[in-house]
Every structure is written in C-alpha cells, then in structure tokens.
Amino acid sequence: PQEIISGESEEESNGVNLMEFSDEILLHILSYVPCTDLVLNVRRTCRKLATLCLDKSLTHTVLLQKDYKVNKDKVKQLMRDIGKEIYQLNMAGCYWLPSSTIDHVTRCKNLVKLNLSGCHVTSLRLSKMLSTLQHLRSLAIDVNPGFDASQLSSECKATLSRVSELKQTLYTPSYGVVPCCTSLEKLLLYFEILDRSREGFMLSGQLMVGESNVPHYQNLRVFYARLAPGYVNQEVVRLYLAVLSDRTPENLHAFLISAPGSFAETGATKNLLDSMARNVRLDALQLPKAWINGSGLLQHLKFNNPFYFSFSRCTLSGGHLIQRVINGGKDLKSLTSLNLSGCVHCLAPESLFRKAEDDIDSSILESLVVSCCNLRHLNLSAAHHHSSESIGNHLCQLLSRLKHLLSLALPVCSITDVAANVEKPPTASNLVPQTFGRKVRIGIQTYPRNLADQANQKIESSVFWALMGSLRFLETLEVIGSSFSSAMPRNEPAIRNSLPPCVRAQSVGDSEVAAISQLTYLQSLTLAQLPNILTGSGLISIGLQCQHLRTLSLANLGMMGKVVYMSALMDMLKHCKCLRDLRLEQPYFCAGAQFFQALSHCSSLQRLCIVSRSGTLQSDAVMSFMANCLEVIMCHMFMGESLTVCKNLQQSIVRSFQADRPALNVVIFPLLHEDLTEVIRDVPMRHLDEITLFKSRVAEEPPNLWW
C-alpha cells in the first residue's frame, strides 16, 4: 500500500494542474462553457475561477438561445449575479421559459442588444422591461395575437426611439413596435401569419384599429422581409412597403424580400424599385421572382460592393446574369454569398428556347467563378445543371477553383461524371423502378465495410471526388435531387407521391457519398434523392472521417420501397459523437430497437425528426432511447402508425421526461392525418425552421444578418 500511495502522489506531481495555466488560456477555455454553468457552478469551485468567471470577456455577451437546460430559476439567479455586467443578451427560441422570466431582464440596465425572438412576451411586460433599458440599440421580439401598441408607456417608446436595429416576427397583422422606432437603420421582418384561425375563420391582412402610425424609414440601411406561405403575409408586407415606395431612404444598401410562390408586383412596388434604381447603390439584393422575371430591372439597379445576391426561383438566364449583374465579367471579389436555387436557366446563355434538362454553358459558370473568386456560400440546388462532355469544363471541375467555399448546395444530377455516365451500360440497380410497388429482387454488389478496402473501390478520378478533395474547409454540404420534394410541406397536407429522379442522377450512389468523407471539417450534411444507393457504405466513411458533423439530414436514398442503407446508417451513427441534429425522411422506415440502440451512441444528440410514409416505430425502443440520451429535447416523428399509438407514446415521453428537460418538445403524429397542419402550427418556430421542415439552407440569408 505504501508503494501504491507514493506512486500515485508521484503521478499527481508530474501531471498538469489546470490552475497553473495563464489567465489568458483559462479565459479562452472558459469561453466554451455556457454562461449559466460559469456563474452558477464553476465559479464556486475555487477563488481563482471565482474571479475569472466574472471577467468582462465572459459576462459581456450571454447566449441562452440553445441552452436547453436553463430554467426560470437559473435565469433569475444569473440576472441577479451579473445582470449589470451584461451588454448583449440572446434568449432567442427559449420557448419553454414562462413569460414572467422576462421580468428579470430589467436587472440588465446596461443592455445594448437583446434578442427575445421565440419568447412569450406580452405588450405590458415588454413595456415594463424596455422602460428600464435606456441604452438599448438592438431588439428582436415576436408580435403575437393580442399585442396592443397602445399599452406601451412613454418611457418604453423613448427607449424604442433610440433602437437602430429591429427584428420582428409577426404572428398577427400588425406594425408591432416599428412606428415607435424612429431611428431605424436595420429592419428584419419575419411574416408567420396564418390565413385561417384555429376555429377555421379566414384572417384579413388589414392592420388592427389604432395601428395606422407610419413607420420611420428615413435612416434605413437594411430592409429584410421573409414571408411564410399565405396571402395574408403578402397583404401585410405590402403595407410595410407602401411607406418605402413614397420615399426611398438614401442610405439603403440592402433590400431583401424572400417570398415563396407567386408574389405579384404592384404599382407601388414598381415605383419603389424605380426609385431604388435612381437613388441608391446596393450591396445586397433579393426579390420575389415575379418582380425580376421578364423585367429589365437588373439592368438599371446600381451596386456598390455587393456581398449577397439571391435570385432563387427566378427565370434569369446566364446571359443576363453575366451582363447585368456581373457586368460582363466585372471583378466581384466582394461577393461572398450567392443563391441561385431553382434558377433553372442561370448557367445557360438564354432561356427562351431552352429545356431545363439541356446542358449548361460552362463558359458562363467559368465567368462566374473567375469574377466571384471569394465566394463562401453558393447554392445551385433545385435545377438540372448538366455538364457537357467537354474535357475540363465539368461543373465540379470549375467549382473546385472556389477555395474559400464554406457552404455549397448542388443538385444530384450535377455531380455525375459525364464520361462514366455515357460509357457505362445500365446496371440492374438503374433499372429498378423508383416506386412503392412490389419489390424487385436484384443482385446487389457486396460493398466492403473495411475502410481501406472501400477506398480501393472508390472512383478517385471522378470529378466529384476531386471537388470534395479541393474544398477541404467546407463546413456545409447539400446534395439534393432536382425533383425532390419533402413529404411534409408547410401549411399543406402531406404529399403522397414524389417525382422520379433526374435520368442523369441515376448513377449517383455509394461512391459519391464516400467521396464526401474527405471533408474533415464538415459540420452539416444533407443528402436527398440519391437513387443509386445500394448499401449506404459511404455513410460509414463519413461517420469515421467527419468527426465534426453536427447536423445530418437524409431523405429518399436508394430504392423507395425499402430502406437499403439501414445497416450502414446504424454503423455510421456509432461514430457520430458530435451529432446534435438528425433528420430522416424515408418511406417504410422502421424505427425499431436496433436503430435506437445505434442512435444512443450519439451522446450529443439534441433533436431528432423522422418523416416516413408507411413507417413504423417501437414505443418501448423510443422510451429506452429517450432514457439513455439525456440531451435529447426534441423528438418529432411523423409515421404510418395509428393516431392512438402516436398519442400514447407522445404522452408517455412527456410524462416521463418533461420535469428534467424543461425544453422538451415532442410531436408524434400520423403523417397522412388530415389534422397534420394543425399540429405543425404548435411546433416552436426554432425547431420547425431549423430541422422539421425540409429546405435548402445554403445562402438562404445574407451572412451575419443577425447575431
């Protein structure tokens, strides 16, 4: 025993004592610890940490937006201990905190930036809180039904008059606090108003009585509006734009409107655009497709040092893109983000007589790559970008020159190696019908599980393999079938039939997925409608090599009548220690004991969403998974089970785990049930927007639009 004790003490003396590090190193380490843990736990361990945990560099900015363990009592204690030291407070998406929690924010007298998006705040509580925050300059809030601007006190309005940045999410027709903000320089508006009330009554886009005050836009530099589907949202945004059309702010440099579907141009909006063409020089632009299609608007708009363009779903041709936006090859090194999603003719010289499936003009893409050499975010999804057989001009080869790319979205058919696609005769896997009918038994090649053997079978000379090898610092990748549509769209019943994949995409499968494993720093991956997945072996490579992966979304891979990649997926998940968000959309998916046992290896998992037509689940396996994975706070499953099975499981999960997980959000519901849209409307916007609904997120918004 004497020898053992002396040996242990010698080992301790040779070990590194954390407290011997310099304050600078310790502060850097502590910066990765949630503020609530620092203030309420870590600082109570010793005198040195007690001092460091209250350092201004750690208390200046407090981020609670994804601290799912925080509750009302912790917020109260946090504000009591360091409230006066907080200058920036982000509580976005803290939907689980009661509205009374907001009362404690009044202790933060020196607040300059405050984000309460997704929090429950009434007009009276907002008034009381803002009355005490005289230094506030940046504010984000929700405007819910029942909001009444007349309840805002004069002290509150005085604070709002000094606010220069406002982000406002509208769930009811209203100007919110915009008329009170007379010094606005940045205005972000998110329109989430439903066309029908819960009782089924049609809603009107007219503003409530007493909301006729005119917004003050004279100092506006950034105007951004994002609309959810629905005509009411369009009616309300037109009221916001009406003031802009009368007098365009001279300092406006970013004008962005993201609107799904058809959003027709009116006389007022045409006057606004004409005024912008005459009076302002823009750095960021996004417009509804109807405002750009067939007009010469882009020819007249002037740009300064643009950093963001979005022409999503526009019929803009590549010729117009080069001539009117890039100015015939003008140096656009300032452009860092470009969204051409659904812009089917953007890589062709003209669109008049062109079919969407025709080959692209590589010279247009080359001009784009050369001119915009500093692009960090590029979205080319939802279109058929087919390369010709010309050597060296494949889309993947040209994109490999963009060495600064951090996020990229591509259609599946664009990554096909043209020569291989032309020379290789159809295989059995290509001939398998992509339907839900009788399953066809085919001979399936045996794919090796050993990584070294697998590497030998990869086509390392393929253009997509080379592209992945050249984009070493890519953090986000989306490869989505050009005809893919999710089975669960917004505000509509579930889609029962999906379109077949593009013919050019038929050969994209396991080897292409394996190529993605070269992306060492990959954090987010989306794969949808890859028809030639036979075993999913490439997923194992990604699990082993991409150790920073935090978000994974897989949809409609391989045969539609069977989940052919289930075994590989389970092997992959055992290696995904950093995975936080997992979304799976696949018909006939069996969420059973083996799947959840594999998923339990993802110790960091927080959110799970499964969408499966005719899919099944095992309630006991789900309960066991929830008990083992203590970090999971969101469980959404839209399957083929009966309403009774879904409700019973949902109630069991809530009853068993809600007390220990205040942020727990559980929705288990039949995918094809007629009341699905009513269930969806109750999902917190944070989860709905970030994971539950499928969409391409690359270059969806300008970088650093909000903090």
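In which helix does Lys72 lie? Lys72 belongs to helix α6, which covers residues 72-82, and this helix offers a convenient way into the structure, which is a predicted model. Lys72 has a relative accessibility of 32% and therefore counts as partly exposed, since that class takes in values between the 20% limit for buried residues and the 50% limit for exposed ones. On the surface, Lys72 gathers with Lys76, Arg80, Lys84, Arg107 and Lys109 in a patch of positive charge.

Before going further along the chain, it helps to have the overall picture. The chain holds 27 helices and 22 strands, and of its 707 residues, 53% count as buried. Among contacts between residues at least 6 apart in sequence, 78% join residues at least 24 apart. The surface that the chain exposes amounts to about 30,400 Å², and carbon and sulfur atoms supply 50% of that area.

Salt bridges come next, and the count for this model is 20. One of them joins Lys66 to Glu690, with the closest N and O atoms 3.4 Å apart. This pair links distant parts of the chain, for Lys66 sits in the loop between β1 (61-63) and α6, while Glu690 is in helix α27 (residues 685-692), 624 residues apart. Lys66 is partly exposed at a relative accessible area of 40%, and Glu690 likewise counts as partly exposed, with a relative accessibility of 30%. The two residues also take part in a network of salt bridges that includes Asp581, Arg607 and Arg686.

Helix α27, which carries Glu690, has a buried side as well as this charged partner: Arg686, His687, Leu688, Ile691 and Thr692 are buried there. The buried residues of α27 pack against the strands β17 (581-585), β19 (607-611), β21 (634-639) and β22 (665-670), and also against helix α26 (676-680). Arg686 thus appears both among the buried residues of the helix and among the members of the salt-bridge network.

Two further salt bridges can be followed in the model. In one, the side chains of Arg125 and Asp103 meet at 3.0 Å, N to O; Arg125 is in helix α7 (residues 123-130) and Asp103 in the loop between β2 (88-90) and β3 (113-115), so that the pair links parts of the chain 22 residues apart. Arg125 counts as partly exposed at 25% relative accessibility, as does Asp103 at 24%. In the other, Asp359 bridges to Arg504, the closest N and O atoms being 2.9 Å apart. Because Asp359 lies in the loop between β11 and α14 and Arg504 in the loop between β14 and α20, this bridge ties together parts that are 145 residues apart in sequence. Asp359 has a relative accessible area of 36% and is partly exposed, and Arg504, with 21%, is partly exposed too.

The loop between β11 (337-339) and α14 (362-371) also holds Ser341. In contrast to Asp359, which is partly exposed, Ser341 has a relative accessible area of 12% and is buried. Leaving aside residues up to four places away in sequence, Ser341 touches Ser312, Arg313, Asn379, Ser381 and Ala382.

A loop elsewhere in the chain, between β6 (186-191) and β7 (222-227), is the place of Asp195. At 23% relative accessibility, Asp195 counts as partly exposed, because the buried class ends under 20%. Its contacts, not counting residues up to four places away in sequence, are with Phe201, Met202, Leu203, Gly230, Tyr231 and Val232. For Asp195 and Val232, which stand 37 residues apart along the chain, the C-alpha atoms are separated by 5.8 Å.

The last stop is helix α19 (residues 463-470), which is mostly covered, with seven of its eight residues buried. Those buried residues are Val463, Phe464, Trp465, Leu467, Met468, Gly469 and Ser470. They pack against the helices α15 (395-399) and α20 (510-515), and against the strands β13 (407-411) and β14 (476-480). Two of these neighbours, β14 and α20, are also the elements that flank the loop of Arg504, so the reader who has traced the bridge from Asp359 to Arg504 can move from there to the packing around α19.

Methods. Residues numbered from 1 in each chain as written. Predicted model: local features only at pLDDT ≥ 70, side-chain atom pairs only at ≥ 80, totals over all residues. Heavy atoms only, no water. Patch = residues over 30% accessible without salt bridge, like charges linked within 9 Å, V, L, I, M, F, W, Y side chains within 5 Å. Areas by Shrake-Rupley, 256 points an atom, 1.4 Å probe, with all protein chains shown as cover. Salt bridge = Lys/Arg side-chain N within 4 Å of Asp/Glu carboxyl O. Lys, Arg positive; Asp, Glu negative; His and termini not counted. Charge placed at Lys NZ, Arg CZ, Asp CG, Glu CD. Helix = DSSP H or I, 4+ residues; strand = E, 2+ residues; numbered from the N terminus. Buried < 20%, exposed > 50% of the residue type's maximum accessible area, 1.4 Å probe, protein only. Contact = heavy atoms within 4.5 Å.
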